[in-house]
Amino acid sequence: MILTLKYKLITVLLIFLISTEFIKAQIDIKVINIENNQPIINASVFDKLNNFLGVTNEDGIFKVLDTKKYERIIIKIPGFEEKIVAIGKLNKSVYLFRKGLKLKNDLKATKILKKMWDNRNLNSPDHLDSYEFDSYVKFSIEAPSDSVSYIPNPKTKLDSLNNKFKSLLDKSMLFLGERTMTYKYDKKFGRKAIVTAYKAGGFSDPELFNATITLSLVNEIPKILTPKELQHNTSLLVDSIDLNGRKTYIIYTFKGKSQSENYRSLTVFIDAKSYALVKLIGNTSKISDIYYEITYAENNGIWYAENEYIQTKLLSKNFIEKMNKLLPKSLFFFTRLSTTATIESNFLNFKSLIVFDPKEFNGYEYAISKTINTDKNLTLYNLRTDSLSNKESNTYHELNRLSKKYNVEPKISFLRSLSSGVLPIGFFNFDIFNLVSNNMYESFRYQVGGRTNWKLSNNFSIGGYIAKGTKDKDTKGGGEVTFYINKKKGGELTLKLETDVLPVGRTKIKYQTAKDILEAKPNNIYNDKYFSYRTIDLSYKQNFFKNIDFTFLLNYQKQRVDFDYKFKNYNVDTWFNFVTTSVMMRYAPNVKYIESISGKRTTLKDIPPYYYLTYSKSWNLFNNSTATHRIYLSTLYILNTRLGSTEILGNMGASFGETPLMNTYEGVGVAKGGRSLWGRFSVKGYQSFETMEPSTFFSDKFASFQLLHHLPSIRLNQSKSLYFTLVYKGLIGGMSHKEDHQLFVFEVPKDYYQEIGIEANKLLLGFLGIGVYSRIGAYKVGNLDRNLYIKLTLDL
């Protein structure tokens with residue numbers, strides 16, 4: 001009797017557990033006629049392979065019992081447009097359109113959406129004086145194992161690889177990672193977001209995984225709900241319901257002429273009293289197939305993000321077609337995968353009106369806790385809203401095993417280093433972007449150098465290089481040592497010695513990225529007007545404010561022009577002596593940094609605008625020296641509109657006092673001289689003038705303006721698109737005492753130098769294109785042919 005009762009209890013418990021999991025995984029999809037808001041009965045439901053799954057019941061509801069198995073379903077019924085529906089995490093209503101139906105915008109829905117946007121600040125947690133909450137985020141990449149066929153008798157290594165891959169997909173995801181963070185806000189002190197725990201299959205270094213930190217909206221209203229974004233949508237007030245005891249409007253908004261071609265279809269829930277966003281469900285993009293869900297919770301009159309869910313397909317049809325052209329047919333199983341990436345976020349323990357210590361907000365907005373590896377499993381466990389499934393737990397085990405077996409993490413670090421222009425070997429990073437270059441003064445220039453990395457020390461680095469040109473006789477080189485003094489603010493004290501050459505009128509620009517250096521390689525190919533210099537620098541760089549970098553520089557430099565040129569009454573071969581003090585500033589308001597475990601800052605997000613300012617003063621302390629003041633300003637904006645993306649670059653400079661030509665401003669001309677159009681064919685430069693030959697225009701005061709407008713891409717087919725760019729550039733300048741510069745003939749751009757162009761980019765190999773440029777205005781010469789230049793463009 002006791003045994004029988006025991007077995008019954010076990011059976012009941014198992015049934016309870018199974019049914020609980022069943023209920024937990026179930027999602028209700030309610031299908032509704034958009035015209036009358038009535039449920040549609042007996043609508044047929046299919047999976048993505050067009051297998052019949054069932055029909056909607058008398059309430060218009062179809063219950064998805066296995067959300068892991070069916071990420072997308074297709075709803076069909078005669079007379080209506082079919083609808084592809086992402087499953088997600090929330091119950092949802094799906095609105096169907098009769099074929100050929102075209103609906104007009106609902107004025108009431110538009111007003112409600114506008115009020116929601118207008119009241120966003122009143123309803124935001126930032127309206128409070130202070131708050132704090134925790135977040136738990138889970139990242140996963142998954143592919144169904146049934147997309148790979150098992151080969152019973154594998155005959156080749158590729159057959160065996162196919163079976164191993166299928167076996168992996170049976171028990172594991174492609175990737176799984178988790179992260180917890182603590183967010184703090186105070187109106188006086190600002191924001192702070194601290195990574196408190198981190199775990200990712202196959203990775204131990206959280207800094208390899210930190211790019212996802214800024215992905216979550218974290219209490220920001222999605223930009224797709226701005227009035228500007230929604231003005232081209234059709235918005236309909238479809239219902240008004242009671243949600244958690246509050247009247248809530250339901251608005252369905254979409255972009256497109258009909259349901260069969262609409263995209264960015266969103267169901268928006270708005271609180272009727274406060275006009276706060278309560279919930280958002282839908283597809284947010286036409287191109288990348290992004291499905292999105294977010295819910296908000298009310299707390300003391302404000303609404304904070306409670307849950308967020310993002311799902312997207314990683315392999316587009318375009319990518320698959322390109323890969324299939326490169327892969328052998330035996331490897332097509334990789335591109336048959338329906339690979340899905342998912343980000344699930346939960347925001348917990350929201351508390352407001354907290355008294356913070358100002359020290360809690362020191363440093364940058366984002367930081368990785370120094371105790372991140374202490375009890376990380378316990379931290380993750382305490383903030384998980386759902387326990388990990390068996391497959392998720394097994395993913396960690398499998399990925400860690402494979403990572404160790406194939407040495408994955410060091411290889412990824414290695415590839416990241418290569419993309420930054422360095423080749424890490426032990427404790428030394430070799431510079432690979434400057435291995436080879438070319439100009440008309442040195443011909444081919446070969447350079448070997450680099451600097452030590454953190455494996456030698458976190459507190460200092462030693463760098464240097466040696467270079468030799470095939471045309472000139474001198475060997476160039478330099479060395480430097482940098483001490484990291486204030487790591488949290490990027491403090492760097494550097495002592496540097498160098499002997500080298502530079503083009504006349506072009507000085508090295510501070511704060512260049514590796515990509516900038518690579519793109520600027522063509523700038524000196526046709527330039528032969530160089531000067532030699534020998535220098536010793538002492539500089540200190542620090543981020544004194546969160547987005548402003550300052551560099552203070554004390555420099556002694558000897559300079560000599562290496563071509564026929566004479567300054568005033570000095571001898572042609574005179575070495576000039578300059579002692580210079582400089583202040584350089586870079587302001588980048590949109591750049592986001594994170595403070596790493598070691599205390600150093602790492603860039604999380606780097607987008608324009610950028611502002612640069614340099615002020616230098618040269619002191620007349622030695623023979624053959626002059627006293628000058630020199631100022632240089634530069635700014636870069638990028639404006640994104642429906643008509644494309646526009647880059648706007650402005651430069652201004654002025655030099656006061658007497659100085660040789662090498663310390664004036666050259667026009668940055670990169671054109672190749674030639675009598676015919678094809679004789680002038682060359683490569684486009686970087687922030688340069690494509691119709692101006694090098695060292696033809698100099699100024700001691702100048703202003704230049706460059707505008708590049710990238711038109712929206714034109715898709716030709718699934719695998720090919722056209723990328724056009726319109727170009728306009730202008731330069732004007734002056735020179736106070738041109739007669740001081742003798743023997744060498746040059747022009748001063750007193751009249752406005754202008755050029756226009758059009759580029760067709762990414763025509764070949766994904767980065768090669770062609771551009772046509774023409775001089776216009778005051779400096780136009782002869783017929784049209786003499787003003788035209790055709791160039792190869794490199795879009796890296």
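**Close-up views of a predicted model**

**View 1. A hairpin joins strands E34 and E35 through two residues.** This is a predicted model. Strand E34 covers residues 628-641, and strand E35 covers residues 644-656. The two run antiparallel and are joined by 13 bridges. One place to look is Arg 630, which stands opposite Ser 655 in E35. E35 also runs antiparallel to strand E39, residues 701-710. Here 10 bridges join the two strands. Within this pairing, Gly 650 of the one strand stands opposite Phe 705 in E39.

**View 2. The whole chain, for orientation.** The chain has 796 residues, and buried residues make up 48% of them. It contains 11 helices and 45 strands. Consider the contacts in the chain with a separation of 6 or more: residues 24 or more positions apart account for 62% of them.

**View 3. Strand E17 is largely enclosed by the rest of the structure, because nine of its 12 residues are buried.** E17 spans residues 302-313. It has strand pairings with E16 and with E18. Strand E16, residues 290-299, runs antiparallel to E17, with 10 bridges between them. Tyr 292 has Ile 310 in E17 as its bridge partner. The hairpin of E16 and E17 has two residues between the strands. In that hairpin, Asn 300 takes a positive phi near 55 degrees. The pairing of E17 with strand E18, residues 340-352, is also antiparallel and has seven bridges. There, Tyr 309 has Glu 344 in E18 as its bridge partner.

**View 4. Strands E4, E3, E6 and E7 form an open sheet in that order.** The pairing in this four-stranded sheet is antiparallel. Strand E4 (52-55) and E7 stand at the edges. Each has a single partner strand, so one side of each is left without a neighbour in the sheet. From one strand to the next, the twist averages 30 degrees. E4 pairs with strand E3, residues 44-47, in the antiparallel sense over three bridges. Val 45 stands opposite Gly 54 in E4.

**View 5. The largest cavity holds about 170 Å³ of space.** The structure has three cavities of 30 Å³ or more. The lining of the largest one consists of 15 residues. Which of them lie nearest its centre? They are Lys 83, Lys 92, Ser 265, Gly 282 and Asn 283. Four strands each give two or more residues to this lining: E7 (83-86), E8 (92-96), E14 (263-271) and E15 (277-283). By residue class, the lining of the largest cavity divides into eight nonpolar, five polar and two charged.

**View 6. Phe 698 is buried, because its relative accessibility is 0%.** Phe 698 is found in strand E38, residues 698-699. Which residues does Phe 698 touch, not counting those up to four places away in sequence? The partners include Val 504 and Gly 505. Leu 661, Thr 664, Tyr 665 and Glu 666 are also among them. So are Met 735, Phe 744, Phe 746, Glu 747, Val 748 and Pro 749. Glu 666 is 32 residues from Phe 698 along the chain, but their C-alpha atoms are separated by 4.5 Å.

**View 7. The peptide bond from Pro 608 to Pro 609 is cis.** Most peptide bonds are trans. For this one, omega is near 10 degrees. Where does Pro 609 lie? Its place is in the loop between strand E32 (601-605) and strand E33 (610-619).

**View 8. Ser 443 and Lys 762 have positive phi values.** Most residues other than glycine have a negative phi. Phi of Ser 443 is near 65 degrees. Ser 443 lies in strand E23, residues 443-452. Is Ser 443 buried or partly exposed? Ser 443 is partly exposed, because its relative accessible area is 22% and buried means under 20%. Lys 762 has a phi of about 60 degrees. Lys 762 sits in strand E43, residues 753-764. With a relative accessible area of 31%, Lys 762 is partly exposed.

Note on methods
Residues are numbered from 1 along each chain as its sequence is written. This is a predicted model: local features need pLDDT of at least 70, side-chain atom pairs count only at pLDDT 80 or more; totals for chains, interfaces and linings use all residues. Side-chain values use heavy atoms; hydrogens and water are left out. On a 1 Å grid over the protein atoms alone, a cavity is a set of points where a 1.4 Å probe fits but cannot get out, and a pocket is an open set with protein on both sides within 12 Å along at least five of seven lines; lining residues have an atom within 4 Å of a point. Grid points are joined across faces, edges and corners, and a volume is the space filled by probe spheres set on the points. Ala, Val, Leu, Ile, Met, Phe, Trp, Tyr, Cys and Pro count as nonpolar, Asp, Glu, Lys and Arg as charged, and the others, Gly among them, as polar. Buried means under 20% relative accessible area, exposed over 50%, partly exposed in between (1.4 Å probe, protein chains only). Contact means heavy atoms within 4.5 Å. Two strands pair if DSSP finds at least two bridges between them. Axes are lines fitted to C-alpha atoms, for helices over the stretch in contact, and angles run from 0 to 180 degrees between N-to-C directions.
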